[in-house]
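Trainee: I'm new to this structure, and I'd like a close look at the empty spaces in it. Please take me through them slowly, and point out which residues I should click on.

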Amino acid sequence: MTLDIPPRVRAWRAAPHISARSVLVTILGDAVLPVTKNVWLSQLFQLAEPYGFDKRLVRVSMFRLAEEGWVTSERHGRRSLYLLTPLAEREFADAAERIYRDVRPPLDGEWTFVLLDGSQLSPAERNRLTRHLGWHGFVAFRSGVLASPICGADETRRILDESFPDILTAVARAEFGDIANLARNGFFSTTFAFDEGGKEYREFVEDYEAFDGKCDALSPVEAYCIRTMLIHDLRRITLRTPAVPRELLPTPWPGNDAYTLAADLYPALCANSAPHLGDALKLDYPEQIAGRFPI
């Protein structure tokens, strides 16, 4: 092997967009939730150690996730047990549909709109709400106007009431007339600014194509590291890219190549990382997880 895994992990860890909190979210969603809803703090220490996150940083990150409603904690003597909340389970399930299955809505023209009252929101609140709705497939048409072709009005209202109960928003359903003609004439390509997402998907392929055909030779810890990095980077790009029907995407769309590469790498990474995850979580960890990157 000439992949030099430790230097790759260190370089990835040093990237400005990588934080202990965000990596722990990926670990919880990708590796923990498929097998258990509870995890000991000591187990999180072990799962975070390969990335150089010390115990204090893990504690602070989990405290913040608790404040945000992703986890709750229980004290058992001197030990802390973290439990994923129903909110976290729903958020992970919604994200999984886009990350592991690349689910796209049909081109039917009916969308859900969320209207924000800019006079009642701080810039930080607006950015946080816009980013959160983006994870659920919403895209910004302009400041204060977001829309989704995959999230219904009732589901949108539930998301807003759970995550932003103190922010007043309006939710409506509307239908685009002649959406196919708009798509043919490039209306959505310019409106949704796909260039940044396309660039990030191409960089993703460049970063991970070196592992194609070589994942079987990775050690359990190496496979776990690359698996987490792969899903973390794919999640970050996918949840920031408009979730629109395939007909509205630019052609060719680099996201297709990124998804295909991830689907090729993930089974071997899962199988090879299972011993390490089983040891950390103290259970018989499955070599494959059903429903991820189906062919």
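**Cavities and pockets**

Mentor: Let's begin with the second largest cavity, whose lining has 2 nonpolar, 1 polar and 3 charged residues. Keep in mind as you click around that this is a predicted model. The residues to select for that cavity are Arg98, Asp102, Val103, Arg104, Thr238 and Ala243. Together they line a volume of about 40 Å³.

How many cavities of 30 Å³ or more does the structure hold? The count is 4. The largest of them has about 90 Å³ of space. Some of the residues you just selected turn up again here: Arg98, Asp102, Arg104 and Thr238 are part of the lining of the largest cavity. The rest of that lining is Ile99, Tyr201, Leu234, Trp253, Gly255, Asn256 and Tyr259. If you colour by secondary structure, you'll see that H5, H11 and helix H12 (254–281) each give two or more residues to it. H12 gives the largest share, with 3 residues. By class, the lining of the largest cavity splits into 5 nonpolar, 3 polar and 3 charged.

Now for the pockets. The largest pocket holds about 820 Å³ of space. It has 32 lining residues, and to get to its centre you can zoom in on Arg21, Val25, Trp70, Trp135 and Arg235, the closest ones. Several helices build the lining: H2 (20–32), H5 (86–99), H6 (123–135), H7 (153–163) and H11 (220–238) each supply at least two residues. So far as chemistry goes, you'll find 14 nonpolar, 7 polar and 11 charged residues in the lining of the largest pocket.

The second largest pocket has about 430 Å³ of space. Of its 21 lining residues, Ala140, Phe192, Arg240, Thr241 and Pro242 are the closest to the centre. Two or more residues of this lining come from each of H6, strand S5 (139–142) and helix H10 (195–208). H6 makes the largest contribution, 5 residues. Here the classes come out as 11 nonpolar, 6 polar and 4 charged.

While you have those helices on screen, take a look at helix H1, which spans residues 5–13. Ile5, Val9 and Trp12 are buried there. They sit on the same side of H1 because they cover an arc of only 65° around the axis. Turn the model to the other side of H1 and you'll meet Arg10 and Ala11, which are exposed. And what covers the buried residues of H1? The cover includes H2, H10 and H11. You've already met H2 and H11 in the lining of the largest pocket, and H10 in that of the second largest pocket.

One last stop, since people often go looking for cross-links: the disulfide count is 0. Try Cys215 and Cys270. A disulfide needs sulfur atoms within 2.5 Å, but the sulfur of Cys215 is 11 Å from its closest cysteine sulfur, the one in Cys270, so the two are too far apart for a bond. Both are tucked away from the outside, too: Cys215 counts as buried at 3% relative accessibility, and Cys270 is buried with a relative accessible area of 1%.

Terms used: Residues numbered from 1 in each chain as written. Predicted model: local features only at pLDDT ≥ 70, side-chain atom pairs only at ≥ 80, totals over all residues. Heavy atoms only, no water. 1 Å grid on protein atoms, 1.4 Å probe; cavity = no way out; pocket = protein on both sides within 12 Å on 5 of 7 lines; lining within 4 Å. Points joined across faces, edges and corners; volume = space filled by probe spheres on them. Helix = DSSP H or I, 4+ residues; strand = E, 2+ residues; numbered from the N terminus. Nonpolar A, V, L, I, M, F, W, Y, C, P; charged D, E, K, R; others polar. Buried < 20%, exposed > 50% of the residue type's maximum accessible area, 1.4 Å probe, protein only. Arc of directions from axis to C-beta. Contact = heavy atoms within 4.5 Å.
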